[in-house]
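Colleague: Please take one part of this model and go through it closely, beginning with a single residue and working outward to whatever surrounds it. I would like one connected account rather than a list.

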Amino acid sequence: MSTHLAKLPRLLAAALLLFFLLAAIAPNLLAPVDPLAIDPAAAFSAPGPGHLLGTDESGRDIYSRIIHGARSSLLIGAAATAIGLGLALVLGTLAGFGGRWLDFGVGRILEVLFALPGLLLALVFIALAGPGVTTTVIAVGLTWAPGYARMIRAQIIALRSSAMVEAATVLGRRRSRILLVHILPNALAPLAVLATLGLGQAILWAASLSFLGLGSPPPAPEWGTMLSAGRTYLSLAWWMTFFPGLAIVLVAAAATVLSRSMKAGGSR
Amino acid sequence: MSASEPLLRVKDLDVSFGGNSVVSGISFTVNPGECLALVGESGSGKSVTARSLLGLAGPGSHVRATALDVAGKDARNFSQRSWRSLRGKEVGFILQDALTSLDPLRTVGKEIDDALRLHSSGSGSQRAARVVELLEAVGLDDPLRRASQRSGELSGGMRQRALIASAIALDPLLIIADEPTTALDATIAASVMDLLGDLRRAGSGMLLISHDLATVASVADSIAVMAAGRIVERGTREQVLNSPQHPYTRALLAAAPAGKPRFTKLSPASTHPKPPPLQPEQATVHQGEEDGVVLPVLSARGLIKNFPLSKTENFRAVHNVNFDLLPGQTLGVVGESGSGKTTTARMALGLLRTDAGTVELLGGPWSQVPESARRNRRSSLGAVYQDPLSSFDPRHSAEAILADALSLGATRNPRAHRQQISELLSLVGLAPDMAQRRPATLSGGQRQRLAIARALAPKPKVLICDEPVSALDVSVQAQVLDLLDELQQRLGLSYLFISHDLAVIRHMSDHVLVMRAGEVVESGTTESVFTAPAHEYTRSLLAAAPPSLSSI
């Protein structure tokens with residue numbers, strides 16, 4: 001049946017995300033091998049029975065490192081999205097509900113943030129605050145905030161003149177209450193879909209920053225860091241770069257597919 | 001094809017979508033020069049029927065018939081290609097919404113030229129001449145200029161005429177019109193119906209789809225009434241309108257407010273749950289009475305509102321409007337779209353600042369005070385809108401919406417107001433099990449009842465109703481109008497009732513304001529305005545209204 005076929009990508013995406021979620025919560029369940037255990041004798045082993053996805057230059061198991069790296073990658077993605085949304089909520093609400101001058105002021109700030117390429121903005125922030133996981137998270141969140149803020153502002157402005165808000169005004173409700181009860185929840189609902197989309201993107205960004213050596217420090221199993229380490233040996237051991245890259249792509253793609261189907265479901 | 005052969009012969013037509021039958025076993029014929037009207041309420045299957053005749057029933061549809069002859073051809077096993085050669089050339093199709101049917105980026109002339117170019121030859125200049133000829137034939141002034149304009153530059157009536165021009169471009173034998181005038185103002189709708197009547201007299205067969213018996217009455221030779229996918233009654237226009245046999249047809253005719261005196265029940269009593277007995281404290285009608293003088297509950301003096309079009313130009317939305325709404329009475333405001341009715345209502349509700357003039361509510365200042373001063377007095381003024389769904393927060397259930405209104409915004413927990421919520425629901429004729437439903441899952445009529453319940457929750461004295469029944473089917477409209485009548489008598493409410501529909505206004509109002517282009521052109525008691533209109537515009541409005549059905 002065609003309806004079952006249409007559901008297949010969604011099911012696959014959900015299964016993939018569940019798998020990585022499990023990896024993030026209980027990595028030892030899926031990969032009992034220590035991700036940091038060095039075995040120089042087995043360095044650069046190709047994918048095979050001993051090491052499912054091969055080993056790196058120190059003989060560490062790539063599969064185990066990817067599974068153990070899921071936690072930090074997903075956390076970075078979630079935290080960055082949350083920071084981006086939180087900041088956007090404040091800015092968007094100020095612009096959309098705070099009157100003409102605040103709208104003007106916030107609008108110009110957003111334009112400046114938009115003018116800088118996102119990665120550059122993140123780099124500037126990291127250069128100022130120093131590298132590390134926390135900085136990466138904030139940096140990625142910061143680059144995402146302007147886009148979300150614009151959307152929240154647009155939603156609020158549309159809702160502000162809606163019949164629903166008019167009806168609440170006619171019933172004698174205060175502006176603050178209308179904002180909290182009617183406008184914000186309805187403005188955020190479509191954003192939940194977008195946040196899922198952003199989750200995949202944020203993971204990608206965090207990996208990019210780690211790839212540049214600005215995220216988690218090397219021995220830690222982090223997907224972007226692993227990519228970066230494998231790059232040197234690309235011709236010798238392709239699996240060192242390929243599989244962490246695949247993990248990033250799969251999570252980002254799964255999050256995107258799920259968010260799209262949520263959107264399709266929501267706009268019924 | 002001989003002249004006596006019917007243009008359209010449909011026998012036992014069934015249309016289903018994924019196992020759900022929407023049209024079952026309907027049969028009819030349309031002969032040359034004949035006009036059949038297919039009348040029914042939303043969901044009756046009339047539009048699906050029309051679309052099936054053009055191979056446009058849509059994805060997932062399953063169309064079956066023992067006979068489906070369109071313009072003399074058996075269309076049962078038509079390919080997409082055969083359908084395309086039929087559409088436009090043999091059958092012209094006119095849709096309700098001319099704005100979305102015309103490409104906004106192309107000129108009207110190009111749109112009409114399309115039909116000519118795809119189906120017939122003829123040089124570019126010949127076709128251009130024909131386009132102008134067609135635009136003239138449908139009664140557009142300055143057809144040369146119109147041909148070079150885009151649909152956005154035309155008014156609703158002009159767009160509908162342009163659409164009709166493209167539908168008749170190839171002199172089709174048969175014209176199918178799906179609600180051709182529903183989106184139009186009364187005066188414009190009347191002229192478009194006249195145009196369709198002319199086309200029929202010129203020899204085209206016509207299938208006219210409408211929800212409104214009164215609209216088709218002037219053009220149709222015969223009428224078929226559809227309900228729930230079946231034709232429940234058919235006959236000549238006179239038969240159906242004067243001696244309806246089927247109870248559904250009778251209910252439809254009874255539901256039309258035209259020509260029915262004030263407070264006459266429009267809907268059969270059985271559909272109306274009996275409300276609880278009248279509470280004595282709510283029966284006091286004359287709140288404003290002082291020394292024998294009845295003071296208005298809502299009054300407006302010299303209301304003016306302009307909207308800036310550009311730095312130098314203003315659009316005069318409302319100009320010098322005065323009115324007094326007396327306690328327990330209904331003031332009807334009637335006018336076509338853009339006449340300033342809604343702007344006036346928004347100023348009366350204190351949602352829009354007045355540029356000049358004042359509104360007073362229950363004898364106190366209203367429009368001139370800040371919102372913080374209005375807020376406490378808002379409970380005495382309620383509002384009911386045309387589209388109730390958009391006025392509800394989609395995330396809240398019916399009982400949460402009522403709890404919020406009852407508690408003046410303190411809580412949405414229905415438990416605190418269980419008793420009052422069930423009283424309100426029964427007051428507006430909603431079953432108790434509707435309480436947990438969200439507005440989106442209610443029918444149009446139920447939503448409007450819920451909106452009325454919410455408006456009544458703070459025990460207002462005045463309700464402002466802006467086109468409260470315009471989006472509803474005739475029989476549902478009748479029920480909601482009856483409900484408003486009944487609530488007014490029981491609770492002593494005063495209504496400012498806005499509608500474009502003269503028949504509704506006449507049925508509901510004690511006094512009437514007729515508005516045009518932001519001004520009140522005539523006001524007075526309902527009887528005097530309707531029986532002896534003083535202003536020319538009022539007379540033209542009355543002339544354009546579909547005739548009251550009982551007079552045919």
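**L402(B) and its surroundings**

Modeller: Setting aside neighbours within four places in sequence, L402(B) has contacts with I421(B), L424(B), A453(B), R454(B) and A457(B). This is a predicted model, and what follows should be read as a description of that prediction.

L402(B) belongs to the largest nonpolar core, which has 231 residues; the members that touch the most others are L207(B), L208(B), V225(B), L402(B), A453(B), I464(B) and L496(B). The biggest contribution to this core, 13 residues, is made by helix α8 of chain A, residues 175–211. Within chain B, domain 1 (8–255) and domain 2 (294–545) each supply at least three residues to the core. In general, nonpolar side chains of soluble globular proteins tend to be buried together.

On the domain 1 side of chain B, a place to look is strand β9, residues 205–210, where 6 of 6 residues are buried. G205(B), L207(B) and I209(B) point one way from the strand, while M206(B), L208(B) and S210(B) point the other way. Thus L207(B) and L208(B), both listed above for their contacts in the core, leave β9(B) in opposite directions. The strand has parallel partners: β3(B), residues 35–39, pairs with β9(B) through 5 bridges, and β8(B), residues 174–178, also pairs with β9(B) through 5 bridges. Taking individual bridges, C35(B) is matched with M206(B), and L174(B) with G205(B).

On the domain 2 side, there is an open sheet of 6 strands with mixed pairing, in the order β19-β20-β21-β16-β22-β23 of chain B. Its edges are β19(B), residues 381–384, and β23(B), residues 519–525, each of which pairs on one side only. The average turn between neighbouring strands is 15°, with direction ignored. Inside this order, β16(B), residues 330–334, and β21(B), residues 494–499, run parallel and share 5 bridges; T330(B) faces Y495(B) across this pairing. Helix α16(B), residues 444–456, packs on the sheet where it touches β19(B) and β20(B), residues 462–466, and its direction makes about 170° with that of β19(B). Two of the residues that L402(B) contacts, A453(B) and R454(B), fall within the range of α16(B).

A second sheet of chain B is also open, with 4 strands in the order β15-β14-β17-β18 and antiparallel pairing. Here β15(B), residues 314–325, and β18(B), residues 364–365, are the edge strands. β14(B), residues 298–308, is joined to β15(B) by 9 bridges, and A300(B) stands opposite F323(B). Helix α12(B), residues 341–348, lies across β14(B), β15(B) and β17(B), residues 356–361, at about 120° to β14(B).

As for how the two parts of chain B meet, the centres of domain 1 and domain 2, taken over C-alpha atoms, are 35 Å apart. The contact involves 11 residues of domain 1 and 13 residues of domain 2. On the domain 1 side, the elements that give two or more residues are α8(B), residues 186–201, and α11(B), residues 247–255. That side is made up of 5 nonpolar, 3 polar and 3 charged residues.

Chain A has its own contact with chain B, in which 14 residues of chain A meet 18 residues of chain B. On the chain A side, two or more residues come from each of α7(A), residues 163–170, and α8(A). The largest share, 6 residues, belongs to α7(A). By class, the chain A side has 6 nonpolar, 5 polar and 3 charged residues. Helix α8(A) is therefore worth noting twice, since the helix that gives the most to the core also gives two or more residues to this side.

For a contrast to the buried strand, take L119(A) in helix α5(A), residues 118–129. L119(A) is classed as partly exposed because 15 other C-beta atoms lie within 10 Å, whereas a residue counts as buried only at 20 or more and as exposed at 12 or fewer. L119(A) and R100(A) are 19 residues apart in sequence, and their C-alpha atoms are 31 Å apart in space.

Methods. Residues numbered from 1 in each chain as written. Chains lettered and ligands numbered in written order. Predicted model: local features only at pLDDT ≥ 70, side-chain atom pairs only at ≥ 80, totals over all residues. Core = buried A, V, L, I, M, F, W, Y, C linked by C-beta atoms within 7 Å. Domains from an automatic or database assignment. Contact = placed C-beta atoms within 7 Å. Nonpolar A, V, L, I, M, F, W, Y, C, P; charged D, E, K, R; others polar. Pairing = 2+ DSSP bridges. Axes fitted to C-alpha atoms, helices over the stretch in contact; angles between N-to-C directions.
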